[in-house]
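Me: Got a structure open here and I'd like to walk through it with you. Can we start with the empty spaces inside?

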Amino acid sequence: MTDLGKKVIYQIYPKSFYDSNNDGIGDLRGIIEKLPYIAKLNVDMIWFNPFFVSPQNDNGYDIADYYHIDPQFGTMADFEELVSKLKAMNIGIMLDMVLNHCSTDNAWFQKALAGDKKYQDYFYLRPAKANGELPTNWTSKFGGPAWSKFGDTGLYYLHLYDPTQADLDWHNPAVRQEAAKVVNFWRAKGVHGFRFDVINVTGKSEQLVDSTDPVEEKTLYTDTPVVHQYLKELNHNSFGQDQNSVTVGEMSSANVKTSVEYSTPSENELSMIFTFHHLKVDYKNGNKWDTIPFDFTKLKQTLCEWQEAMDQGGGWNALFWNNHDQPWALNRFGDPGKYREKSATALATALHLLRGTPYIYMGEELGMIDPDYDSINDYVDIEALNAYHNLQKKGLSSKQAFAHIQKKARDNSRVPMHWNNSKNAGFSTAKPWLRPTDQRRINVKDELKHGVIFNYYQQLIKLRKSEELISAGHFKQLLSDHRQVFAYERWLADTTEKLIVLVNFYGEQAVVTLPQELIKQPGKVFLSNYEHHEETLELPAQVTLRPYEALVYKTK
C-alpha cells in the first residue's frame, strides 16, 4: 500500500496530446516526441486512453480490434518504441481496457451477425416482449433505448452506451477468457498497468427485467455482487501474475462497502478504484445536464466519507479532479478568470495530500480551462450532441441547451494540449480535430518559462515520494462545518507528526479557528500557494486564509 501511495499517474488522451504527422489528430509518435516534457513532472506511470482499432464513434471506447494499434495513432512498432523509452525513464504504462462492450465492427459481433452461435453467446441477445416492445425499458447512457435490432434475426442486442457498442455477456466463460487473453497480450508487450473501463456494469443478470425508474435501473446492472467474482478471476488469470501490476477500475455508482472489497489487497481484485460521487455535486437531482453551482458542503462530505471509510477498510482511492469524461475542474470548483493560478494550486493541494494515488490529466498542470466555444458545431462528442437535442425536446431553447453543453460536455477536457500560443496551440500545423481556445494565455511554453502551476505540481509530486505522512498516513476530517474551507489532518500511528491541510475554496478570505488540541503545537508552514515567511512557530488559534489559499502545517 505504501508503494501505491508514492505513485503519481499522468493521463494522456492520445488524440489530443501532440500530432507528429500533421493530420489534425494526436498520435504515438507525438507522445514519443514530448517525453522530455513528461519527464519534468517526475510521474511514475502514464495512463493512455484507447488507441486500438476503432471506428471512433465513442472516441476509441468502441474497440473493433483489441490487438492492433489504430493506424491513425501509429503502428505497433511505434508503441514498442514508446514502451522502451518510457521504461528507460522508469515510467510505467497503463492501458485502457474496454471489456464491458465492444464495437459492432468487432469480429466477434460480425461473426454473431453472420449466425455463428458461439459468438452470439458473447452478447445479450433477446427477443421482443410478447406485445412487441423492446426486451426491457432500459435507457442508453447516451440517450434513447438500450436495445437495437440484431440484423434480421428478430432479436435485439443490448448496448448500455452507443448502438455501435454492444455489451458483452460476462456470464459466458468464453467472454471472460477473451478478456484475460487481451490483458495478457499487452502484458507480454511490457505493460503492467491497466485501467478497466466501466468494469462494474459487467454484473448484469442473466434474466433482464424492466426498471421502475432511472435510479433503480442502474442497480439492475451496476455494482452487483458477481462483479467481484469476475475481477478475482481476471486478476488470477492475467495481471495478478505480476507483482508490480497497477490496476484501477472505473466504478460508476459504486458504494464504499463494495469499493473497499474491490481494492483491498487481500481480495485480489484491483489496486484501486475511480468513483465519481465528488464530481456530481453540481448535478441537479442527479442529472448531469441540469447545472447548478457546486455544493461545497456536499463535496467535503463526499471526499471525507470516502477517505475515512477506505482508510478504515483497507481500500485504496484513485484521486482525481479531471479526466477525459469531465469538464475542467477549474471551471467547476475554482475561478478560471481572476484566480486561475491560485485556484488551480488550491485544488491541487486539496487532492494531492489526500490518502490514495493521484492522477493528473494532461493540461491540468498548466491550469487548463473549458474552451470558449460559440456553437454546437464546435463539439464532436456523441454524448454532448445527443444531450443538446434531448434538452431542446424537453423545452429548452437552442441557446439554453447550448449553455448546458458548454458547462458539462466531455469535449471540454478533450481539446488539444496547448504547447504554445499559435493558432493551433502548437498541437498540429493542420486543422485540429477539436478546436483549441485560450492558448494565448495558457500553454506549455509560457508556463515553463514563467508560470507557477507546473512548478507547484512538481513540488506536490516530490513531497508525495518523500513524505510518509502523505504516502502512508491516515485521514481525519477537520472543520466539517466551515462554509469555505476544506480541512483535514494526515497522521501516522507511530509518530506525533501531523499534516494539517487548510484550503479556501472561494475568492473571499476565510477565517479559520483551529481545533483546541492543535493550538500551540510546535510546527511550521510545510506548503502554501502564497508566500509565508515564518520558519518555525506554534500553530495559531486562528488563521486567515486569502482567496483560494492552500496552507499546510506540519506539527513536530
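Reply: Sure, one term to begin with: a cavity is a set of grid points where a 1.4 Å probe fits but cannot get out. Keep in mind that this is a predicted model.

Me: Okay, how much space lies in the largest cavity?
Reply: About 160 Å³. Of the 15 residues that line the largest cavity, Thr275, His278, Leu303, Asn317 and Ala318 are the closest to its centre.

Me: Which elements give two or more residues to that lining?
Reply: Strand S13 (272–274), helix H11 (296–313) and strand S16 (318–319) do. H11 gives the most, with four residues.

Me: And how does the lining of the largest cavity divide into nonpolar, polar and charged?
Reply: Nine residues are nonpolar, six are polar and none are charged.

Me: How many cavities of 30 Å³ or more are there?
Reply: The structure holds four of those. The second largest has about 80 Å³ of space.

Me: What lines the second largest cavity?
Reply: The lining is Trp321, Asn322, Trp328, Ala329, Leu330, Ala344, Leu347, Glu364, Gly367, Met368 and Tyr457. Helix H12 (329–333) and helix H13 (340–352) each give two or more residues to it. By class, that lining has eight nonpolar, two polar and one charged residues.

Me: Tyr457 is in that list. Which helix holds it, and is it buried or exposed there?
Reply: Tyr457 is in H17, and it is buried. The other buried residues listed for H17 are Ile453, Phe454, Tyr456, Leu460, Ile461, Leu463 and Arg464. H17 covers residues 453–466, and its 14 residues reach 20 Å from first C-alpha to last, close to the 20 Å expected at 1.5 Å a residue.

Me: Glu364 lines that cavity too. How far is Glu364 from Ala472?
Reply: They are 25 Å apart in space, C-alpha to C-alpha, and 108 residues apart in sequence. Ala472 lies in helix H18 (residues 468–472). Ala472 counts as partly exposed because its relative accessibility is 25%, and partly exposed means between the 20% and 50% cut-offs.

Me: Switching to pockets. How much space lies in the largest one?
Reply: About 1700 Å³. It is lined by 50 residues, and the closest to its centre are Lys141, Lys218, Gly286, Lys288 and Glu383.

Me: What's the split by class in that lining?
Reply: The largest pocket has 12 nonpolar, 21 polar and 17 charged lining residues. Helix H8 (214–219), strand S15 (287–291) and helix H14 (382–393) each supply at least two residues of that lining.

Me: And the second largest pocket, what lies nearest its centre?
Reply: Asp44, Asn90, Ile91, Gly92 and Ile93, out of 20 lining residues. Helix H4 (76–88) and strand S5 (92–97) each give two or more residues to that lining, and H4 gives the most, with three. The second largest pocket has about 510 Å³ of space. Its lining divides into nine nonpolar, six polar and five charged residues.

Me: Where is Ser140 found?
Reply: Ser140 is in the loop between strand S7 (125–127) and strand S8 (147–149). Its relative accessible area is 5%, so it is buried. The Ser140 side chain also reaches the backbone oxygen of Tyr161 at 2.7 Å.

Me: Now helix H7. What span should it have, going by 1.5 Å a residue?
Reply: H7 runs over residues 173–187, so its 15 residues should span 21 Å, and its end C-alpha atoms are indeed 21 Å apart.

Me: What's going on at the start of H7?
Reply: A side-chain oxygen of Asn172 comes to within 2.9 Å of the backbone nitrogen of Ala174.

Me: Which residues of H7 are buried?
Reply: Val175, Arg176, Glu178, Ala179, Ala180, Val182, Val183, Trp186 and Arg187. As a reminder about helices, an α-helix has 3.6 residues a turn, so residues three or four places apart point the same way.

Me: Last topic, how many disulfides does the structure hold?
Reply: Zero.

Me: What about Cys102, buried or exposed?
Reply: Cys102 counts as buried because its relative accessibility is 0%. Cys304 is at 1%, so it counts as buried as well.

Conventions
Residues numbered from 1 in each chain as written. Predicted model: local features only at pLDDT ≥ 70, side-chain atom pairs only at ≥ 80, totals over all residues. Heavy atoms only, no water. 1 Å grid on protein atoms, 1.4 Å probe; cavity = no way out; pocket = protein on both sides within 12 Å on 5 of 7 lines; lining within 4 Å. Points joined across faces, edges and corners; volume = space filled by probe spheres on them. Nonpolar A, V, L, I, M, F, W, Y, C, P; charged D, E, K, R; others polar. Expected span 1.5 Å × (residues − 1). Buried < 20%, exposed > 50% of the residue type's maximum accessible area, 1.4 Å probe, protein only. Polar contact = N/O pair within 3.5 Å; in protein donor to acceptor, adjacent residues only side chain to side chain. Disulfide = S-S within 2.5 Å.
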